[in-house]
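Work through the two exercises below with the structure open beside you, and try each task before reading its solution.

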Amino acid sequence: MTEAAVDRHVVIVGASLAGTRTAQNLRVLGHTGRVTLVGAEAELPYDRPPLSKRLLQGEWSEAAAQEIRLATQEELDEREVELRLGSAAVGLDSAARLVQLADGTSVPYDALVIATGAAARPSPWRPPSGVYQLRTLNDSRAIAARLALGEPVVVVGGGFIGTEIAAAAVGYGCPVTIVDPLPEPMARLVGPEIAGSLVELHRRNGVRTRFGTGVVAIEGKAGELTVELASGERLAASTTVVGIGSVPSTDWLADSGLKLDNGVVTDRFLRASGADDVYAIGDVARWPHPGRGVDVRAEHWTNASDQAMYVATALTRGVEAGYEPTDYVWSDQYDWKVNTFGWRDPAGSSTVIGDLQADSRAAVIHTDAQGAACGAVTVNWVRALNQARRLLAAGASSDSVVDTIRQLA
Ligand SMILES: Cc1cc2nc3c(=O)[nH]c(=O)nc-3n(C[C@H](O)[C@H](O)[C@H](O)COP(=O)(O)OP(=O)(O)OC[C@H]3O[C@@H](n4cnc5c(N)ncnc54)[C@H](O)[C@@H]3O)c2cc1C
């Protein structure tokens with residue numbers, strides 16, 4: 001059971017999804033003490049998935065950018081959330097219970113929630129201009145301006161963000177090439193079955209792929225870049241977008257005494273190891289996954305949102321059970337809506353239901369090495385996703401999940 005009290009000063013560092021939702025949930029759950037939300041970015045909190053979807057794949061506009069805010073100033077004022085935006089935390093003294101900010105001030109806390117998320121893994125290639133990365137609203141604005149030129153784009157990294165950027169660039173009429181050193185980059189996320197169909201989808205939309213070969217160098221400048229591949233091929237590009245993963249934002253915690261290992265390491269109650277009354281949530285947290293039996297750092301919207309609710313509950317009411325993840329992720333590419341639930345065990349097996357070539361609607365059910373159903377991926381098939389989700393949560397056998405989804409087909 002965690003310790004709860006509604007009158008403490010809760011300081012939340014990181015004013016994005018996990019941090020903002022924690023502040024909102026604390027008030028909804030009856031927290032009466034001070035709530036301070038510290039954020040490095042100067043603007044009001046906003047949502048990130050639309051940065052590569054609605055904003056980039058549609059018409060980028062300042063009005064649309066306002067619609068992705070996670071809270072208005074009025075709401076935060078009404079909920080008495082004290083905002084310290086534009087002030088990054090630079091240190092934590094957990095013995096004195098103080099968060100040090102870049103402007104030289106310190107914020108005292110009774111309980112601290114670390115929600116500093118992750119940053120794009122920096123590009124190792126840095127010509128003077130023309131290389132972009134996507135993590136913030138400003139990044140999305142800058143990339144949209146480049147795509148609007150309709151000139152050749154090379155996307156480095158074939159994960160969800162890279163492929164969504166590629167789909168957006170196609171929409172702007174840009175010739176697009178995706179490069180990734182892995183032979184099947186999307187297989188990590190959705191399994192080889194749907195990964196193959198996704199690659200075909202991109203090719204049908206005119207995207208060229210160079211998989212199984214990495215980038216050696218990017219030279220030149222915006223408008224006249226050369227991307228040199230390990231295969232020796234040289235690709236001309238006006239713009240390059242590098243999406244090669246992310247790194248947890250923990251630099252400011254280097255001297256804090258907290259256990260850091262690819263994120264802030266927590267126990268199953270999301271309490272940070274190494275200090276009292278400190279929690280870590282969202283993309284920055286590395287926590288013990290009860291289903292997989294290993295520590296994971298999830299970089300997914302639903303996880304950040306669920307952990308914000310879990311920690312707000314722990315702080316206000318106390319919790320007896322550890323955090324149970326939902327493990328849900330989605331991606332939008334052209335007219336495909338890809339949803340994944342649960343996980344894929346590389347030592348297990350997968351069953352494909354439907355035919356992606358025939359009707360652009362399919363599901364894959366993953367079974368783990370012990371024979372239990374552990375995950376599902378669906379394309380354009382919300383009913384199958386919801387059914388699989390319900391059955392997986394109820395612990396149904398792999399055969400019954402497969403049979404039920406087959407009947408839907
Ligand atoms: C382009 C894009 C598309 C995505 N699409 C999807 C999707 O389709 N589905 C999905 O499930 N997930 C998606 N995600 C992932 C999802 O957005 C993240 O999982 C979610 O944003 C995590 O929220 P968070 O609050 O933990 O961290 P973040 O969103 O990373 O926010 C952390 C905040 O902390 C701030 N911060 C960092 N360091 C400090 C500091 N020292 N002091 C103060 N503040 C600090 C940062 O500036 C940032 O505002 C996408 C992410 C991106 C970038």
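**Exercise 1.** How much space lies in the second largest pocket, and which domains does this pocket lie between?

*Solution.* The model is a predicted one, and in it the second largest pocket holds about 310 Å³ of space. Begin at the centre of this pocket, where the closest of its 17 lining residues are D327, F341, W343, L392 and A393. Next, turn to the elements: β23 (336–342), β26 (373–379) and α11 (382–393) each give two or more residues to the lining. Sorted by class, the lining residues comprise ten nonpolar, five polar and two charged. Finally, because domain 1 (10–119 + 247–316) and domain 3 (335–408) both contribute residues to the lining, the second largest pocket lies between these two domains.

**Exercise 2.** Describe the surroundings of the ligand, and explain why the ligand lies between two domains.

*Solution.* First, identify the shell: 31 residues surround the ligand, and the closest are E41, R48, K53, R135 and D283. By class, this shell has 16 nonpolar, nine polar and six charged residues. Then examine individual atom pairs, in which an oxygen atom of the ligand is 2.5 Å from an N or O atom in the side chain of K53, while a nitrogen atom of the ligand is 2.8 Å from a polar backbone atom of A89. The ligand taken alone exposes 1,000 Å², of which the protein buries 93%. As the last step, note that domain 1 (10–119 + 247–316) and domain 2 (122–244) both supply residues to the shell, and therefore the ligand lies between them.

Terms used:
Residues are numbered from 1 along each chain as its sequence is written. This is a predicted model: local features need pLDDT of at least 70, side-chain atom pairs count only at pLDDT 80 or more; totals for chains, interfaces and linings use all residues. Side-chain values use heavy atoms; hydrogens and water are left out. A residue is near a molecule or strand if one of its heavy atoms lies within 4 Å of it. A polar contact is a pair of N or O atoms within 3.5 Å; within protein, one must be able to donate a hydrogen and the other to accept it, and residues adjacent in sequence count only if both atoms are side-chain atoms. Accessible areas come from the Shrake-Rupley method with a 1.4 Å probe; for residues, only the protein chains shown count as cover. Ala, Val, Leu, Ile, Met, Phe, Trp, Tyr, Cys and Pro count as nonpolar, Asp, Glu, Lys and Arg as charged, and the others, Gly among them, as polar. Domain bounds come from an automatic or database domain assignment. On a 1 Å grid over the protein atoms alone, a cavity is a set of points where a 1.4 Å probe fits but cannot get out, and a pocket is an open set with protein on both sides within 12 Å along at least five of seven lines; lining residues have an atom within 4 Å of a point. Grid points are joined across faces, edges and corners, and a volume is the space filled by probe spheres set on the points. Helices (H or I, at least four residues) and strands (E, at least two) are DSSP runs, numbered from the N terminus.
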